[in-house]
Amino acid sequence: SQQLLNDGAETVLGLVTIEKQGEDSYKVNIAEREVVPSSKYDEGYYLADNNINKTVDFGFDARIACIHDGKLEVETPDEFIKNHGEDNQQLYTVYLMGESAELLLATDPKDVQAE
C-alpha cells in the first residue's frame, strides 16, 4: 500500500463489489463511505454514505486482501465474487491509479483516522 501511495495512488474508502466483464476483465464498484466519530454510538463512530458510487477497472496486477476468521488473506477476483457476492458489508480501502483499482484492502472502521 505504501508503494502505491508513493507512486501517486489515491485512496477511496467504501463498500466494494466486483463484476466479471470478460475472460480476465473485471470492474470494481465502490460505494464510498466515511467513518464519522460520534459518541452517540457504542462503537464511537458511524459509517456515513457519501452518496458517491464509482466504477473502475480492476488493474492487471491488482490484489485483494480480505479478512477471513480474523486473518488477512489474498483473494483472486473470482474468489472475491464467490465469497462476498452482492451483500458485502466489509469496508475496503481502494488504492486507485487513474481509473484502475490496484489494491483492495479490507479495513476495520476503528482503524480509520478521522480528518
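Is Lys 54, at 24% relative accessibility, to be counted as buried, partly exposed or exposed? In this predicted model, Lys 54 counts as partly exposed, because its relative accessibility is 24%, and a residue is called buried under 20% and exposed over 50%.

**View 1. Lys 54 and the residues around it in strand β3.** Lys 54, which belongs to strand β3, is in contact with Glu 10, Val 28, Asn 29, Ile 30 and Leu 96, when its neighbours within four places in sequence are left aside. Val 74 lies 20 residues from Lys 54 along the chain, and the C-alpha atoms of these two residues are separated by 23 Å.

**View 2. The hairpin of β3 and β4, with two residues between the strands.** Strand β4, which covers residues 71-75, runs antiparallel to β3, and five bridges join the two strands. One of the residues to follow here is Ala 65, whose bridge partner in β4 is Val 74. In this hairpin, Asp 69 takes a positive phi near 50°.

**View 3. The largest nonpolar core, with its 18 residues.** The members of this core that touch the most other members are Val 16, Ile 18, Val 28, Tyr 92, Val 94 and Leu 104. Two or more residues are given to the core by each of β1 (10-20), β2 (26-37), β3 (45-68), β5 and β6 (100-106), and β3 contributes the largest share, which is five residues. Apart from this core lies another one, of six residues, which includes Leu 15, Ala 31, Val 35 and Leu 91. In soluble globular proteins, nonpolar side chains tend to be buried together.

**View 4. Leu 104 and its contacts.** Once neighbours within four places in sequence are set aside, Leu 104 is in contact with Val 16, Ile 18, Val 28, Phe 58, Arg 63, Ile 64, Ala 65, Tyr 92, Thr 93 and Val 94. Among these partners, Thr 93 is taken up in the view that follows.

**View 5. Thr 93 in strand β5, which covers residues 91-97.** Thr 93 counts as buried because its relative accessibility is 14%, which is under the 20% that sets the limit for a buried residue. The side chain of Thr 93 makes a polar contact with the side chain of Thr 107, at 2.7 Å. Not counting residues up to four places away in sequence, Thr 93 touches Thr 11, Val 12, Leu 13, Leu 103, Leu 104, Leu 105 and Thr 107.

**View 6. Helix α2, residues 77-84, and its buried residues.** Pro 77, Phe 80 and His 84 are the buried residues of this helix. Seen down the axis of α2, these buried residues fall within an arc of 60°, and therefore they line one face of the helix. What covers them includes β1, β2, β3, β4 and β5. Just after α2, Gly 85 takes a positive phi of about 50°.

**View 7. Two of the three aromatic pairs that the structure holds.** Tyr 41 and Tyr 46 form a tilted pair, with 5.3 Å from centre to centre and 35° between the planes. Tyr 41 is partly exposed, with a relative accessible area of 41%, and Tyr 46 counts as partly exposed at 32% relative accessibility. In the pair of Phe 80 and Tyr 92, the ring centres are 5.7 Å apart and the planes stand at 70°, so the pair is edge-to-face. This pair links distant parts of the chain, since Phe 80 is in helix α2 and Tyr 92 is in strand β5, twelve residues apart. Both Phe 80 and Tyr 92 are buried.

Methods: Residues numbered from 1 in each chain as written. Predicted model: local features only at pLDDT ≥ 70, side-chain atom pairs only at ≥ 80, totals over all residues. Heavy atoms only, no water. Helix = DSSP H or I, 4+ residues; strand = E, 2+ residues; numbered from the N terminus. Buried < 20%, exposed > 50% of the residue type's maximum accessible area, 1.4 Å probe, protein only. Polar contact = N/O pair within 3.5 Å; in protein donor to acceptor, adjacent residues only side chain to side chain. Contact = heavy atoms within 4.5 Å. Core = buried A, V, L, I, M, F, W, Y, C linked by side-chain atoms within 4.5 Å. Pairing = 2+ DSSP bridges. Arc of directions from axis to C-beta. Phe/Tyr/Trp six-rings, centres within 6.5 Å; stacked < 30°, edge-to-face > 60°.
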